[in-house]
Every structure is written in structure tokens, then in C-alpha cells.
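Please look through the sequence and the structure below before reading on. The notes that follow begin with one term and then go through the structure topic by topic.

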Amino acid sequence: MGLGSSSGSDSDDNEWGRARRLVLKTLVVIGGAILLKRLTKSTTRWDHTRIVARSLSGEKYSREQASRDPDNYFNLRWLSCPAAEMVDGSKVLYFEKAFWRTPHKPFRQRFFMVKPCPKEMKCDVELSTYAIRDAEEYKNFCDRPKDQRPQPEEVIGDIAEHLTTIHLKRCDRGKRCLYQGSTPPDGFPNSWNGATYCTSELSVMRNNEIHSWDRGYDDDGNQVWGVKGCPYEFKPAPASSFVDEFSPLNFPPQSIQKRIEGSFVLQE
């Protein structure tokens with residue numbers, strides 16, 4: 001009689017143990033599924049936009065590339081920062097490019113407008129560049145205190161002629177880039193230095209670099225401005241970016257001034 005009671009108790013314990021393990025296993029599976037769903041949650045179109053806008057912002061230099069190939073590349077300063085936001089959520093960034101030795105004299109000033117690609121297009125982010133209505137007023141915009149800059153409503157009013165649009169697509173896993181894209185093959189109208197159209201390519205890299213390649217062509221397809229080898233590589237400014245200011249890399253000789261002008265669209 002005592003043995004029968006013990007056997008029944010053991011059986012109940014086994015059943016309870018199996019039930020408890022089953023419940024725990026179920027909870028683990030459900031928890032794992034929830035975690036996996038969170039980890040694999042798809043990035044939205046606006047997430048892509050924010051990532052690209054953030055990557056374009058900041059101070060970057062082509063110093064390393066200029067050191068490797070000083071005959072074809074110069075130490076340039078890339079500087080960009082948020083300037084306004086449109087009603088539809090598009091991000092407007094101010095952008096300027098200058099020689100390292102004269103950051104207060106940018107030779108290129110633009111507005112970037114960053115927004116999601118239209119749903120019908122096979123891309124993630126649309127990056128457009130615009131001329132600035134009064135570029136002189138915006139020189140060194142990002143270096144100034146915010147209360148000394150044109151305010152967002154002024155920025156929106158100063159967005160002038162549309163220049164180019166690049167459609168960026170997220171890079172495949174395993175590549176060094178996060179996003180890359182280009183203008184259409186026939187580019188956009190451009191009349192500088194004998195050009196009739198220009199093209200642009202841009203890559204946002206995983207290490208926060210920006211690779212940028214702008215070129216101008218004449219009616220016969222001959223390149224008339226822009227570097228010919230490969231894109232400019234702009235790397236985030238290190239803490240010591242203002243050290244060694246007298247390096248020859250930062251002072252291109254006067255004899256190659258003509259070649260410098262042939263490499264970029266300089267502002268009048």
C-alpha cells in the first residue's frame with residue numbers, strides 16, 4: 001500500500017517535470033522569436049535617410065590620399081552640417097569644400113537635400129545638390145555658432161537651382177560601403193570649362209568615410225574637369241588635424257595652380 005502511494009507520487013513528479021520543461025521550452029522559443037523579430041526588423045526608408053544624412057555631416061579630409069598620390073590629389077576639407085528640415089521631412093545640409101590651407105575660402109558651396117527614394121524606384125536614398133542663392137552669406141556656416149548662421153526658414157528660402165541627383169542604394173553585406181550610387185549615365189547639364197554635362201558618384205563607407213567623384217564632359221564625351229583616377233576619399237578629421245600645418249601637402253606650388261582649377265568646378 002505504501003509502495004503504491006510512492007509510485008503514484010513519482011509518476012506525478014515526472015509528469016510535472018515534463019510539463020515544466022515543455023513550458024520553459026515554449027517560453028524560450030517565443031522569446032527567441034520575439035528577439036529575432038526585433039533584430040531583423042526591416043530598416044525603414046526614413047532610417048536610411050537619417051543614416052546617410054548623418055554620414056555626410058562632419059569635417060573630413062583627403063590628406064591620406066594626397067600623401068599617397070600628391071600629383072593627382074590634394075588635401076581638401078569636406079565640411080557639412082544640418083541646416084534645415086523641409087515640411088515633408090527631407091533633411092537639408094549645408095556643404096562646402098576647400099583646400100586645407102584656406103578653409104575660410106571654400107571653392108564649392110552647396111545645399112544637400114536628403115530624402116527617401118520614390119517608392120517606384122529601386123534605391124533607398126535620394127541625394128540632390130542645389131546652388132545657394134547668396135553663397136557668400138553661407139561661407140563657413142558650420143564653423144559658426146548657431147545663432148550666427150542663417151536660420152532654417154532663411155535656408156529654405158535660399159535653396160536655388162537644382163544641380164544633380166544621386167540615387168543611393170544600400171550595399172550588399174560584406175562590402176566596405178554602406179550606400180553607393182551615381183547620377184544617371186547622361187548626367188546633368190554643366191557648362192564649366194567646356195563641359196556640356198557632368199556626372200557624380202558617391203559612396204558612404206562603413207568607417208564614416210565619404211568617397212566622391214565629380215566629372216565634367218564635353219559633347220564628344222571627353223572629360224574636361226575632375227580627377228581621372230578614382231574618387232576622392234574623405235576621412236573623418238582626427239584630433240590632430242590641425243597639426244603639421246606647414247606640410248608641403250597643404251601648399252600646392254603655384255606652377256600647378258592651373259591643374260588645380262582644371263580639377264574642380266571653382267565658384268566665381
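A salt bridge is counted here when a side-chain nitrogen of Lys or Arg lies within 4 Å of a carboxyl oxygen of Asp or Glu. By that rule, E209 forms a salt bridge with K235, since the closest N and O atoms of the two residues are 3.7 Å apart. E209 lies in the loop between β9 (197–205) and β10 (210–217), while K235 belongs to strand β12 (residues 232–236), so the pair ties together parts that are 26 residues apart in sequence. Please keep in mind throughout that this is a predicted model.

**The protein as a whole**

- The protein contains six helices and 12 strands, and buried residues make up 43% of its 268 residues.
- Among the contacts with a separation of 6 or more, 54% are accounted for by residues that stand 24 or more positions apart.
- The accessible surface of the protein comes to about 15,700 Å², and carbon and sulfur atoms hold 54% of that area.

**Salt bridges**

- The count of salt bridges comes to 11, and the pair E209 and K235, described above, is one that can be looked at from both ends.
- E209 is buried, because its relative accessible area is 4% and the cut-off for buried is under 20%, whereas K235, with a relative accessible area of 24%, is partly exposed.
- K91 forms a salt bridge with E85, with 3.0 Å between the closest N and O atoms, and E85 counts as partly exposed because its relative accessibility is 47%.
- The side chains of E136 and K139 also meet in a salt bridge, at 3.3 Å from N to O; E136 counts as exposed at 54% relative accessibility, whereas K139 counts as partly exposed at 25%.
- E59, R77 and D143 are linked to one another in a network of salt bridges.

**The surroundings of K97**

- K97 is found in strand β3, which covers residues 91–99, and this lysine counts as buried because its relative accessibility is 4%.
- Leaving aside residues up to four places away in sequence, K97 touches L76, R77, W78, P106, F107, R108, D214 and F234.
- One of these contacts of K97 is R77, a residue that also takes part in the salt-bridge network with E59 and D143.
- The C-alpha atoms of K97 and E59 are separated by 9.9 Å, although the two residues are 38 residues apart along the chain.

**A negative surface patch**

- D134, E137, E153 and E154 form a negative patch on the surface.
- E154, one of the members of this patch, lies in helix α5, which covers residues 152–157, and E154 counts as partly exposed because its relative accessibility is 36%.

**Two residues with a positive phi**

- Most residues other than glycine have a negative phi, and the residues in the next two points can be read against that background.
- N140 has a positive phi of about 60° although it is not a glycine; N140 is found in the loop between α4 (135–138) and α5, and N140 counts as buried because its relative accessibility is 18%.
- N193, which is not a glycine either, has a positive phi of about 55°; N193 lies in the loop between β8 (188–189) and β9, and N193 counts as partly exposed at 43% relative accessibility.

Note on methods
Residues numbered from 1 in each chain as written. Predicted model: local features only at pLDDT ≥ 70, side-chain atom pairs only at ≥ 80, totals over all residues. Heavy atoms only, no water. Patch = residues over 30% accessible without salt bridge, like charges linked within 9 Å, V, L, I, M, F, W, Y side chains within 5 Å. Areas by Shrake-Rupley, 256 points an atom, 1.4 Å probe, with all protein chains shown as cover. Lys, Arg positive; Asp, Glu negative; His and termini not counted. Charge placed at Lys NZ, Arg CZ, Asp CG, Glu CD. Helix = DSSP H or I, 4+ residues; strand = E, 2+ residues; numbered from the N terminus. Buried < 20%, exposed > 50% of the residue type's maximum accessible area, 1.4 Å probe, protein only. Contact = heavy atoms within 4.5 Å.
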